[in-house]
Amino acid sequence: MKQVDYTITDEFGIHARPGGELVKLAKTFSSAIKISCNGKEADAKRLIAVMSLGVKQGHTVSVCAEGDDEDTAIEQIGNFLKEKL
């Protein structure tokens, strides 16, 4: 299992557009990918689940990937978080 932690800098947190892009990226991997924040966890391949976390600016999220392509998944999701959120 690989993990990346990131503190959200976007003033709106994880909102619809970047949330959708994150889910789209997560779906390209065969690994199971989970995102957690403030004690809640969600499947990163489900937009409603990601949005239900209510991630705001300043919150730290943890993304965990487990599976055959976990290294690539964590690298690309980490880059996405830095660039978009």
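## Elements of the fold

Helices here are DSSP runs of H or I with at least four residues, strands are runs of E with at least two, and both are numbered from the N terminus. With that in hand, A49 can be placed in helix α2. Please keep in mind that everything below describes a predicted model.

The protein has three helices and four strands. Walking along the chain from the N terminus, you will meet these elements in the order β-α-β-β-α-β-α. The radius of gyration is 11 Å, close to the 12 Å given by the globule rule for 85 residues, so the protein is as compact as a globular protein of that length.

## Overall dimensions and contacts

Taken along the principal axes, the box filled by the C-alpha atoms is roughly 35 × 25 × 20 Å. Of the 85 residues in the protein, 44% are buried.

How much of the contact network joins residues 24 or more positions apart? Among contacts with a separation of 6 or more, such pairs account for 67%.

## How α1 and α3 pack

Helix α1 covers residues 16-26 and helix α3 covers residues 70-84. The two pack at an angle of about 165 degrees, and their axes are 11 Å apart. Angles over 145 degrees count as roughly antiparallel, and α1 and α3 are therefore roughly antiparallel to each other. Their crossing is right-handed.

If you would like to find this contact in the viewer, look on the α1 side for P18, E21, L22 and L25. They meet Q76, I77, F80 and K84 in α3. Sorted by class, the contact between α1 and α3 has five nonpolar residues, one polar residue and two charged residues.

G20 also has its place in helix α1. At 26% relative accessibility, G20 counts as partly exposed, because the partly exposed class lies between the 20% and 50% cut-offs. G20 and R46 are 26 residues apart in sequence, and their C-alpha atoms are 8.9 Å apart in space.

## Two neighbours in α2

Helix α2 spans residues 47-51, and I48 is one of its residues. Is I48 buried or exposed? Its relative accessibility is 68%, so I48 counts as exposed; the cut-off for that class is over 50%. From C-alpha to C-alpha, I48 is 23 Å from G67, with their positions 19 residues apart in sequence.

A49, in the same helix α2, has a relative accessibility of 13% and therefore counts as buried, since buried means under 20%. Leaving aside residues up to four places away in sequence, A49 touches A42 and D43. The C-alpha atoms of A49 and D68 are separated by 23 Å, and these two residues are 19 residues apart along the chain.

## Two loop residues

H15 is found in the loop between β1 (2-7) and α1. Its relative accessibility of 28% is why H15 counts as partly exposed. Which residues does H15 touch, not counting those up to four places away in sequence? They are D10 and M51. H15 and C37 are 22 residues apart along the chain, and their C-alpha atoms are separated by 14 Å.

N38 lies in the loop between β2 (32-37) and β3 (40-43). Most residues other than glycine have a negative phi. For N38, phi is near 50 degrees, a positive value in a residue other than glycine. With a relative accessible area of 56%, N38 is exposed.

Definitions and conventions:
Residues are numbered from 1 along each chain as its sequence is written. This is a predicted model: local features need pLDDT of at least 70, side-chain atom pairs count only at pLDDT 80 or more; totals for chains, interfaces and linings use all residues. Side-chain values use heavy atoms; hydrogens and water are left out. Axes are lines fitted to C-alpha atoms, for helices over the stretch in contact, and angles run from 0 to 180 degrees between N-to-C directions. Angles under 35 degrees count as roughly parallel, over 145 as roughly antiparallel, 65 to 115 as roughly perpendicular and the rest as oblique. A crossing is left-handed if the near helix is turned anticlockwise from the far one by less than a right angle, and right-handed if clockwise. Contact means heavy atoms within 4.5 Å. Ala, Val, Leu, Ile, Met, Phe, Trp, Tyr, Cys and Pro count as nonpolar, Asp, Glu, Lys and Arg as charged, and the others, Gly among them, as polar. The radius of gyration is taken over C-alpha atoms; the globule rule is 2.2 Å times the number of residues to the power 0.38. Buried means under 20% relative accessible area, exposed over 50%, partly exposed in between (1.4 Å probe, protein chains only).
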